[in-house]
Amino acid sequence: MTTSDIRPILEIRDLGKDFGDFNVLRDISLDVMPSQVVVVIGPSGSGKSTLLRCCNCLEVPQRGSIRICDKDLVVDGKMLPDRELNALRMQVGMVFQGFNLFPHLSVLENVSIGPRKLRGMSAKASDELALSLLDKVGLKERASAYPAQLSGGQKQRVAIARALAMEPRVMLFDEPTSALDPELVGEVLQVMKALAAEGMTMIVVTHEMGFAREVADEVLVMDGTIIEHGKPEDVFSNPKQERTRTFLKCILSH
Amino acid sequence: MELDFSPVWRGWPDLLHGASVTVEITVASLVLSIIVGLCVGMARLDPGKRILYGTASAYVLFFRGTPLLVQLFLLFFGLPQFDILLPAFVCGVIGLGLYSGSYVSEVVRGAIQSIDRGQMEAARSMGMSYAHAMRYIILPQAVLRMVPPLGNEFIALIKNSALVSLLTISDLMHEGQKIISVSYRSLEVYIAVALIYLVLTTLAGQTLRLIEKRLRVGGMVQ
Ligand SMILES: Nc1ncnc2c1ncn2[C@@H]1O[C@H](COP(=O)(O)OP(=O)(O)O)[C@@H](O)[C@H]1O
Ligand SMILES: [Mg+2]
């Protein structure tokens, strides 16, 4: 993946984040190259969500720096000014564990509101874009439904379409299938696999080992910091750290 | 004791006129109180913005913590000392509006804070500004939750508006008192006045239930 003349989309250097006295993240450095899929695993409370949320400044890290698409998002606790921050956030799609769809808007409006209000697209153009994205996630026929009328798997696919409507350079997924009934997990992973195959750059927090094995270029094991990283087959079959072994045993027994 | 409602019938046109003034002043005050309530409610979302939050909190403290009648008299008898002469009706609307606005601001703040914070995060993570996210995502949902408490506030406003009769405004209460001053039939006239207020508050309550129902159709079941 790493060719010397290609710049990383995401560069994290010596990142540190505290909540009050509690040190959540420390010394995290990471490069994510275009089209790379990075899967992040780690025990609950190990800072996986916080790391993703730092990558679009939903949380502001106190130390270190994050560069996205060659722009400094945050350096030593200083964020980009609001206007530029909003522009950069458009390049970073985020999919949440709890979907966070807008319940007062139809499925179509959920997807089209971004391009219409933020990318200056006309109503017609944004509707067309939204419909094509809904088609892509297999929900074109539910365009006029409201989120409350959808299953969890459908909601998450709409949320993915909503994020894609901003045409992001990188997508962040925070346990996108953890809130789903087991039989609905597959349809969401399917969409994510297709996205990866198209060359989308992705950082995915998930405990779906099958997905990681199949799609990930790199697996990170977190526990406040990156305790281990490598190709999925190496990390899963041959973990170097005792903590990784314990953790893997724990999730595989479920 | 004998009841004699004939002064009520004779004065009926005046009472109806008074009722219409009461409706006008209540609606005007409600509009003002919603505008003020929205601004103050939103100003009190973030204690980190010290000056905004402090000013808004001081406003709420004063207007919720002092009697409405005192506030009305301050406007009506106090302002002329600074050579500010406002028509009685305007004083009444400002007084009622500011008083009610302090309660509405709490309704607004509560409704906004009751919206899951994931909504703001989802909007911001798409690149929306705070203002856009408020306008397109948070407020449309919060407004639904404001309607029932705002209905109660509207009804309270109708009843509280009787106090503006003391500012020489010819509202329902004032018209009633004028009839009493010539007929001395307090009981009968106050019964009639009470019943008219009851009709107004009932109508208001029903209109609000209708609005609430309207807002809920269209799939926005939540
Ligand atoms: N806003 C917050 N304020 C205080 N502590 C927080 C906050 N968000 C997360 N934490 C704490 O930070 C730690 C890491 O959280 P998180 O990043 O959500 O972990 P993970 O996603 O790996 O389960 C947890 O102990 C959590 O309680
Ligand atoms: Mg998490």
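Let me start with the interface, where chain A and chain B bury about 2000 Å² between them, with 62% of that area on carbon and sulfur atoms. On the side of chain A, the residues that lose the most area to chain B are A:F102, A:P103 and A:H104, which together account for 26% of what that side buries. I quote an area here because the size of an interface is often given as the accessible area lost when the parts come together. One can also describe the pairing by residues, and in those terms 24 residues of chain A are in contact with 23 residues of chain B. Please keep in mind throughout that this is a predicted model, and that the values I give are computed from it.

Let me now take the chains one at a time, beginning with chain A, whose secondary structure comes to 9 helices and 11 strands. Along its principal axes, the C-alpha trace of chain A spans about 55 × 45 × 40 Å. How does the radius of gyration of chain A agree with that of a compact globule? For 254 residues, such a globule would have a radius of gyration near 18 Å, and chain A has 18 Å, so the two agree. Buried residues make up 57% of the 254 residues in this chain, and, if we look at contacts between residues at least 6 apart in sequence, 63% of them join residues at least 24 apart. The surface that chain A exposes is about 11000 Å², of which carbon and sulfur atoms supply 48%. As for charge, chain A carries 30 positive and 34 negative side chains, and the centres of these two sets lie 3 Å apart.

Chain B is built from helices, with 9 helices and 0 strands, and its C-alpha atoms fill a box of roughly 70 × 50 × 25 Å, again taken along the principal axes. Of the 222 residues of chain B, 46% count as buried, while 74% of the contacts between residues at least 6 apart in sequence join residues at least 24 apart. Chain B exposes about 11500 Å², and here carbon and sulfur atoms supply 68% of the area. The 17 positive and 14 negative charges of chain B have mean positions that are 12 Å apart.

To finish, I would like to look at two individual residues of chain A, the first topic being A:L25, which lies in strand β2, covering residues 22–32. Is A:L25 buried or exposed? With a relative accessible area of 0%, A:L25 is buried, since buried means under 20%. Leaving out residues up to four places away in sequence, A:L25 touches a set of residues that includes A:L15, A:T50, A:L51, A:C54 and A:M222. A:V191, by comparison, is 166 residues away from A:L25 in sequence and 30 Å away in space, taken from C-alpha to C-alpha.

The other residue is A:N56, found in the loop between α1 (48–54) and β4 (63–68) of chain A. A:N56 has a relative accessible area of 1% and is therefore buried. Which residues is A:N56 in contact with, once its neighbours within four places in sequence are left aside? Within chain A they are A:L73, A:R89, A:V92 and A:M94, and from chain B there is B:S125, which brings us back to the interface where we began.

How values were computed. Residues numbered from 1 in each chain as written. Chains lettered and ligands numbered in written order. Predicted model: local features only at pLDDT ≥ 70, side-chain atom pairs only at ≥ 80, totals over all residues. Heavy atoms only, no water. Helix = DSSP H or I, 4+ residues; strand = E, 2+ residues; numbered from the N terminus. Rg over C-alpha atoms; globule rule 2.2 N^0.38 Å. Buried < 20%, exposed > 50% of the residue type's maximum accessible area, 1.4 Å probe, protein only. Contact = heavy atoms within 4.5 Å. Areas by Shrake-Rupley, 256 points an atom, 1.4 Å probe, with all protein chains shown as cover. Lys, Arg positive; Asp, Glu negative; His and termini not counted. Charge placed at Lys NZ, Arg CZ, Asp CG, Glu CD. Buried area = accessible area lost by both parts, 1.4 Å probe.
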